[in-house]
Amino acid sequence: MYRIIERRMIVPNLHEFIVEAPAVAESVKPGNFVIVRPDDAGERIPLSVADWDASAGTVTSIFMQVGGSTAKLARLKPGAAVPTFAGPLGKETEIGAFGTVLCVGGCYGIGSIYPIARALKEAGNTVITLLEARSSYLLYWEDKLAAVSDKLIIVTRDGTKGAKGHIDRIPELLQRAGAVPDRVIVNGCTFQLMRTAEITKPLGWKTIVNMNPIMIDGTGMCGVCRLSVAGKMKFACVDGPDFDGHEIDWDEFLARRKTYNPEEVDPLRRSSCRSHF
Amino acid sequence: MSEEKKEKKRLDLKRRSMPKQDEHERVKNFDEVALGYPVETAIEEARRCLQCKKPLCNQGCPVGIDIPGFIKFIVEGNFSAAVKRIKETNALPAICGRVCPQEEQCEKMCVLHNKKAPICIGRLERFVADWEAAQGKAEAPAMAAKTGRKVAVVGAGPAGITVANDLALLGHEVTIYEALHECGGVLLYGIPEFRLPKAIVRREVDYVRSLGVKIVTDFVVGKTRTVDKLLEEFDAMFVGSGAGLPWFMEIPGENLNGVFSANEYLTRVNLMRGFRFPEFDTPVKRPSRVAVVGGGNVAMDSARTAVRLGADEVHLVYRRSKAELPARAEEVENAEEEGVIFDLLTLPIGLIGDEHGWLRELECLRMELGEPDASGRRKPIPVKGSNFRVPFEALVMAIGNGPNPLIPMTTPGLTLNKKGGIQTEEATGQTSRPDIWAGGDIVRGAATVISAMGDGRVAAAAIHRYLLGK
C-alpha cells in the first residue's frame, strides 16, 4: 500500500495528489506517468507526474475528476493509502539544449509541464511557458512555473487573466514576445494537444505532445494505448507518451479516447441507495 | 504367443473422461468448465498405466516429472506421496494439470498413444494437486541450508515462479519483482477463470511465498529500477518478464473502436474482472456480434469469453482449415460446444468503420489449401474475387505477440534474438550478461506455460551452479 500525503482540490475539479512511493520518486523523470489503482476493485489509471521529492520519497500528480474511477481517487483522504502506485512509466521527455522552448500546459498538464520546464531551464534553454484555461479560477502553480520560465504567458477563454482567447493565439502572442521557439512541448487535454499541433504545423515548429490514451497495464503488454504516428502503429506506454504532434492521426486518437465514455460515467449515476437501482 | 494375448487382454484402452459443466449452463458463468476426476475415476485411470520399465512419457515433459512414479502412488491410494513426487520437479501441478498441452508432450510419448488411448496424465496431475489443496495444508518440502546468496527474479509468471521455487528450495534468498498488482503473469491476465480459476493461481503463489520467497508487486524492473541498479543488491538475476506488445495484421481499420488485442480483451476480463463491471471498475464491452481472429488457445479463450459476456454470435476467423488449428483439441471442442462458429479458410483483409470510428464490418477472402509450407502445414492461398463482408461490432485480434520490450529497451549489453526477445544459451538460459538468465515468453515470444516453466527449471539449475562457484 502507498500512503497518501495529500489529496486536495487545487482548483475546481482538479486535484493535487501526493503519494509516498520512494522507489518511483527515486527514478522518475519529466514526462513519465504512473499507474494508480484507487482500491482493490479499481481500474489502473494512468496519471502524468507533475513533481516529486526523491529525498522525501513522494510523487505528485494533478488529475481531473472525469468519471467513476477518478471520482474514487478524488474521495481519498490524506493518510489513507492506495493499493497500486506503479512507475515511472513511459519514456521521459527529451531534454536537450534546444535554444528557445515553448512549454504549453492546460488542465492537468499545467502540473505535468512543470518538471519539463524546470529540466529545460536547467539545461540552459530559454523557456517560455504558456498556460491556457477557461477562466482565471482554473489556473494553478503559476508561481512555480514562473520560477522556472523566462517568460510566463497566460491565456484565458473569458479574459479574466492574461490574454483573452485560446490556444490559437500562440503565434501572435509569441511574436509579441519576440520569440520563435525551436521546440514546442505540450501537456494537457487531448483537444489542446491536437489544436496546438495544428497551429504549429504550418509554422514548422517542431511540436512534442504528451499523449494520454486509455491504458491498462501501462507496461507494453495489452496494446490498448495504440495510435497511428506517421502511418505506423505505436504504443504510447512504451514508445511514448511523447510523440511528434504533426505525425499523429488525431481523428483516430480522439475516437479511441471515447471508447469507454458511457462506462466511465456509469458509476456516477449509481449510488448505494437502493431506490437508485 | 499366449503370453502376448494375455497381455493384450489386460490393456484397458478406455480413457476415463472428466466431468464438465453442462454447456448450456456454463456459457452463462465464468466458473471452471472441467470439474476434475472423482477419486474412483482417478484410481481407475491410474491403473491403466503400464508402469513401463523404460518410460517415455517423462521424456515428453519439459520439467521432467516422474510420471509413472506419481501414477503408481495414485493406484496405491497414496495421494500425498503422489503430489510430493510431482512437486520435486514441478511447483505448479494444479496449473500444469489444467493448461499444459499434454497431447503434444507426455501423453504423446505414452506407449498407449499408439492405441489412441494414452493415459490421461494431465487429469491425474490435476487430481492429486486438487486433492492436496482440499486437505487444506500443503506439506512443506525439504529445504537446503541457507547459502546467503541473493537472486532477483523479474516477473511472477510461470517462468519466474518456477525459478523462485527451485532456488528457494536450494537455500538461496529470492525476491520476485512483479510489474502488475497481482502475481501469476499470463496465468492471471491471460487464461480465463473458466479454464484456470484464479484461486488456484493465488494458492500456488502463496505456496512459493511460504518457501520464504519475497514478492514485490507494482515494481516495473527497467523503469522503477534498472536491471543494473538491482544487480548491485543481488548476486544473479532471472528475467521472465513475459509477453509484450500484441501483433496485428497490418490491415486497414485495426485502430477502430471495437477492435481489441486478445491481451487487452482478456486482461480486462481476467486480471481486472471486467465481467463483474460495475462492481469492479474496469469496463469491458458486451457486443452482440464478435469476431475473433486466430486459431490458437488464446483465440479459443477470447471466443469463449465473448460467449460468456452475452454475445449472440461469436465467429472464430482462421485462415487455414480445422486440421491446422494450433489450439488444443479439447479447447476447440469446448468452443464448439459453446456455440462458437468457426469461419475456417477465411482471411481478414480489412475492417470497415462507421462515421464515429466504430467497427461495423469485416472484409474477408476465402482461402484454399495449397502445398505444405515451411511449418509443414498446407499453405492457405486466397481465392481470387472471393471477397465478402460480414457485420461485426467487435473484433479480437488473437494472432500472437512479441516479447515485452521494457527490459531489452532499458538494459545495456543484453543481446537480443530475431524476435526482439532476449537471446539465451539453450542449455542454461544464460544471456549475454554472465549474471543474468532469462526464459519464457521474453525469450520465445508467445509460447506455452510449461515451456516457460521448463526454461525456469533449466535456468534455476544453472544459476545454482553459478552461485556455488561464486
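**Reading a two-chain contact and a sheet**

Me: How many residues does each chain bring to the contact between chain A and chain B?

Reply: Residues are in contact if their C-beta atoms, placed from the backbone, lie within 7 Å, and here the contact takes 38 residues from chain A and 34 residues from chain B. The largest share of the side of chain A that touches chain B, six residues, is supplied by E7(A); strands (E) are DSSP runs of at least two residues and helices (H or I) of at least four, numbered from the N terminus. This is a predicted model, in which local features need pLDDT of at least 70 and side-chain atom pairs count only at pLDDT 80 or more, while totals for chains, interfaces and linings use all residues. Residues are numbered from 1 along each chain as its sequence is written, and chains are lettered from A, with ligands numbered from 1, in the order in which they are written.

Me: In what order do the strands of the open sheet in chain A stand?

Reply: Strands of a sheet pair through backbone hydrogen bonds, either parallel or antiparallel; two strands count as paired if DSSP finds at least two bridges between them. In chain A, seven strands form an open sheet in the order E6-E1-E2-E5-E4-E3-E7, with antiparallel pairing. Strand E6 (81-82) and E7 of chain A stand at the edges with a single partner strand each, so one side of each is left without a neighbour in the sheet.

Me: Over how many bridges do E1 and E2 of chain A pair?

Reply: Strand E1 (residues 2-11) and strand E2 (residues 14-20) of chain A pair in the antiparallel sense over six bridges, and Glu6(A) has Ile18(A), in E2(A), as its bridge partner.

How values were computed. Two residues are in contact if their C-beta atoms, placed from the backbone, lie within 7 Å.
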